[in-house]
Amino acid sequence: AEAIGRLNSTLEGGVQCHFVSVVGEDAAGRAVLASLTSAGVDVAHVRTVEGAATACYVGVFDEGGQPVAGVADMSILNTISSSLLPDSVLSGASMLVMDANIPPPELEKLVVRAKALGVPTLFEPTSVAKCRGGVSKEGWILGFDYITPNNKELECMTGKAAACHLDRMAMGDVPTILVTEGHKGVRYVTSPPPGEKTLGFGSVPPPGGGVPSEKVVNATGCGDCFTAGFVHALVMGTPLRESIEFGQECAKLALKEEGAVPKGLEVLRI
C-alpha cells in the first residue's frame, strides 16, 4: 500500500490507495499509520486493536541481501475482518489487492463481494507457509483475477508442479497468473479471450539484466514493490506486459535500498 501511495504521489488524478487492516495500540502501529499517511494512503479503515501488538517481522540477511532466517509475530492479523472494508469504498475500487495474511474465511468473503460488485481482484500469496489461504476447502484457488506467486508458492497452492498446472488454472481458476522467478524475470499466462481457446503465454526478463548479487542491499520489499508497480500501472490503463515491466523496475529499485519501500519510487514513470 505504501509503495502504491508513493507511486501515486506525484501524479495528477492518480488513483487513491486505501489500506484496510489492523494495528496494535502501540508505537509500531502509530509508526505504520504515519508512514502510510505520509505516502498519501487512506488509513480510515484501519482498526486499532486494544491490547494487541502490531504485526512485526525481524529478518536476518546474508551478504547478498537474501533472507536466511526470520522471526515474526503476526497474531493480530487473525482479527482482520472483511467488514472493515465497506461496500461504499469497495464498489468504487479499480482493484482489490489482498495477501495471505487475511484469514481464509474473510479472504473468501472479500472475493465474493468484489465479484458481485464487478471489482477485479489480485492475490499476493505472501509465503509458502501462508499461500494456501487463497485455496478453498475443496482445493480450488479462490476466484481471483490475478495471482502473483513464485514457483514454490504456486506448487504449494496447487499441489502440483507449477509448469504443469498453469494452463489448466488459466482455463478455469485464475484468468491471469504471474509467476515471479527472481533473476529470471516473470512468466505469465492469460486465459483466452471470449470465443477463443488459445491461452496467452509470455515471459518478461528483468530490466537491464537484473541486479548483480553483489549490489543487492535488501530483498525484503522486492516482491511487494513488484506487485505495487504492476497494480499501479494496470489500473492506470497500461497493457499487461508493460505493467509487468514497470513492476520489475520497482522491484529492481527495492533491491538497491535498505528499506522495504524505496524512497525513489516517486521518480519512476510508466
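**Rings, charges and a pocket**

Mentor: Tyr146, Phe226 and Phe230 are joined into a cluster by ring pairs. The model is predicted; local features require pLDDT of at least 70 and side-chain atom pairs pLDDT 80 or more, whereas totals for chains, interfaces and linings use all residues. Residues are numbered from 1 along each chain as its sequence is written, and side-chain values use heavy atoms, without hydrogens and water.

Trainee: How many aromatic pairs does a search of the whole structure find?

Mentor: The search finds three aromatic pairs. One of them joins tyrosine 146 and phenylalanine 230, with 5.9 Å between centres and 70° between planes.

Trainee: What makes the pair of tyrosine 146 and phenylalanine 230 edge-to-face?

Mentor: Rings of Phe, Tyr and Trp (its six-membered ring) pair if their centres lie within 6.5 Å; planes under 30 degrees apart are stacked, over 60 edge-to-face, and the rest tilted. The centres of tyrosine 146 and phenylalanine 230 are 5.9 Å apart and the planes meet at 70°, so the pair is edge-to-face. The pair links distant parts of the chain, 84 residues apart: tyrosine 146 is in strand E7 (residues 146–147) and phenylalanine 230 in helix H7. Helices (H or I, at least four residues) and strands (E, at least two) are DSSP runs, numbered from the N terminus.

Trainee: Why is the pair of phenylalanine 226 and phenylalanine 230 called stacked?

Mentor: The ring centres of phenylalanine 226 and phenylalanine 230 are 6.3 Å apart and the planes lie at 15°, so this pair is stacked. Phenylalanine 226 and phenylalanine 230 are four residues apart in helix H7, about one helical turn.

Trainee: How do you know that phenylalanine 230 is buried?

Mentor: Buried means under 20% relative accessible area, exposed over 50%, and partly exposed in between (1.4 Å probe, protein chains only). Phenylalanine 230 has 0%, and is therefore buried. Tyrosine 146, at 16%, is buried too.

Trainee: How many residues of H7 are buried?

Mentor: Ten of the 14 residues of H7 are buried, and the helix is mostly covered. Among them are Cys225, Ala228, Val231 and Leu234.

Trainee: What makes arginine 6 and glutamate 2 a salt bridge?

Mentor: A salt bridge is a side-chain nitrogen of Lys or Arg within 4 Å of a carboxyl oxygen of Asp or Glu. The closest N and O atoms of arginine 6 and glutamate 2 are 3.0 Å apart, so the criterion is met. Both residues are in helix H1 (residues 2–8), four residues apart. Arginine 6 is buried at 8% relative accessible area, and glutamate 2 is buried at 17%.

Trainee: Which side chain meets aspartate 87 in a salt bridge?

Mentor: Arginine 113 meets aspartate 87, at 2.8 Å from N to O. Aspartate 87 lies in helix H3 (residues 87–90) and arginine 113 in helix H4 (residues 104–117), so the pair ties together parts that are 26 residues apart in sequence. Aspartate 87 has a relative accessible area of 43% and is partly exposed.

Trainee: Why does arginine 241 count as partly exposed?

Mentor: The relative accessibility of arginine 241 is 32%, between the two cut-offs, so the residue is partly exposed. Arginine 241 forms a salt bridge with glutamate 245, at 3.8 Å from N to O. Arginine 241 and glutamate 245 lie four residues apart in helix H8 (residues 240–255), and glutamate 245 is partly exposed at 34%.

Trainee: Is valine 112 buried or exposed?

Mentor: Valine 112 has a relative accessible area of 52%, over the upper cut-off, and is therefore exposed. Valine 112 lies in helix H4.
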